Amino acid sequence: GLEVSVIPELVWLPTDAMTYSAKCAMPVSRTRLPDGTMTVISCYGDQTWDFYPYIPQDNLEPSAKRLSWHLTLPDGRLLTDRHHRALLESVKDLVWTNFVSPPEGRPRKMALTLIKNARHLAPLVRWMVTQNMTRFADIGDRALDYVPFARQSARTGGETTASTVAQRLFLVEDLFHQRHKLRDGLKAHPWPLETACALAGF
């Protein structure tokens, strides 16, 4: 069987300067075979990123160790459809950069935490599609318009918890904090006179 590697042997590459085809071939998860050689589990271009080599918990379902990009969007398409390629690339760039090169002063997240946090991007992506935005840079000075949408629970339609809202808004702030590593980050703080926690209701 495969020997599980707990610590990712992955290096951040400047994805903002890479071609799309080069990024698609870039490994995002690997594991070591019994003979010592490394084998790739998932690449950037895959429609699902499987992080099981970095999540050793046997009590978790395999699906809990995967990040699927098959997100259903308000226009009836999937995020993986060719029509949304630019948006999918932007989302993957943020998730990948936060994984291997987090903002200054922030420790690298464990893979399981990264998967949970990445799923908090779904409301932002869906909101962007309703606003005909194709990349994060399109958000511009309209970030505050997203806040009411971020407060909604996709399951119940009512308001979700303040902690969930905060996690969703932290990712918008990351678009600013990681702007020098992203091809389409936010040039200005999304809410310069507010904080994610205050907007979430804490």
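## Helix packing and salt bridges

Helix 4 (residues 122-130) packs against helix 5 (residues 143-150) at an angle of about 120 degrees, and their axes lie 10 Å apart. This is a predicted model, so let's take a friendly walk through what it shows. Helix 5 also meets helix 6 (residues 162-177), where the axes come within 10 Å. Beyond the helix contacts, the count of salt bridges comes to eight.

**Helix 4 against helix 5**

- The two helices cross at about 120 degrees, and helix 4 and helix 5 are therefore oblique to each other.
- The crossing of helix 4 past helix 5 is right-handed.
- On the helix 4 side, the contact is made by Pro 123, Leu 124, Arg 126 and Trp 127, while helix 5 brings Asp 145, Tyr 146 and Phe 149.
- Sorted by class, this contact holds five nonpolar residues, two charged residues and no polar ones.

**Helix 5 against helix 6**

- Here the axes cross at roughly 155 degrees; an angle over 145 counts as roughly antiparallel, and helix 5 and helix 6 are therefore placed in that class.
- Helix 5 passes helix 6 in a right-handed crossing.
- Helix 5 contributes Ala 143, Tyr 146, Val 147, Phe 149 and Ala 150, which meet Val 165, Arg 168, Leu 169 and Val 172 of helix 6.
- By class, the contact of helix 5 with helix 6 has eight nonpolar residues, one charged residue and no polar ones.
- Tyr 146 and Phe 149 are worth a look on screen: they are among the helix 5 residues that touch helix 4, and they also appear in the contact with helix 6.

**The salt bridge of Lys 23 and Glu 89**

- Lys 23 pairs with Glu 89 in a salt bridge, with the closest N and O atoms 2.6 Å apart.
- Lys 23 sits in helix 1 (residues 20-24) and Glu 89 in helix 2 (residues 85-100), so this pair ties together parts that are 66 residues apart in sequence.
- Lys 23 is buried, with a relative accessible area of 0%, and Glu 89 also counts as buried, at 9% relative accessibility.
- Through shared partners, salt bridges join Lys 23, Glu 89, Asp 93 and Arg 183 into one network.

**The salt bridge of Arg 106 and Asp 174**

- Arg 106 forms a salt bridge with Asp 174, and their closest N and O atoms are 3.0 Å apart.
- Arg 106 belongs to the loop between helix 2 and helix 3 (111-119), whereas Asp 174 belongs to helix 6, so the pair links parts that are 68 residues apart in sequence.
- Arg 106 is partly exposed, with a relative accessible area of 31%, whereas Asp 174 counts as buried, at 4% relative accessibility.
- Leaving aside residues up to four places away in sequence, Asp 174 touches Leu 94, Asn 98, Pro 103 and Arg 106.

**The salt bridge of Asp 145 and Arg 142**

- The side chains of Asp 145 and Arg 142 meet in a salt bridge, at 3.3 Å from N to O.
- Asp 145 is partly exposed, with a relative accessible area of 43%, and Arg 142 is partly exposed as well, at 29% relative accessibility.
- Asp 145 is also one of the helix 5 residues in the contact with helix 4.

Technical notes. Residues are numbered from 1 along each chain as its sequence is written. This is a predicted model: local features need pLDDT of at least 70, side-chain atom pairs count only at pLDDT 80 or more; totals for chains, interfaces and linings use all residues. Side-chain values use heavy atoms; hydrogens and water are left out. Axes are lines fitted to C-alpha atoms, for helices over the stretch in contact, and angles run from 0 to 180 degrees between N-to-C directions. Helices (H or I, at least four residues) and strands (E, at least two) are DSSP runs, numbered from the N terminus. Angles under 35 degrees count as roughly parallel, over 145 as roughly antiparallel, 65 to 115 as roughly perpendicular and the rest as oblique. A crossing is left-handed if the near helix is turned anticlockwise from the far one by less than a right angle, and right-handed if clockwise. Contact means heavy atoms within 4.5 Å. Ala, Val, Leu, Ile, Met, Phe, Trp, Tyr, Cys and Pro count as nonpolar, Asp, Glu, Lys and Arg as charged, and the others, Gly among them, as polar. A salt bridge is a side-chain nitrogen of Lys or Arg within 4 Å of a carboxyl oxygen of Asp or Glu. Buried means under 20% relative accessible area, exposed over 50%, partly exposed in between (1.4 Å probe, protein chains only).
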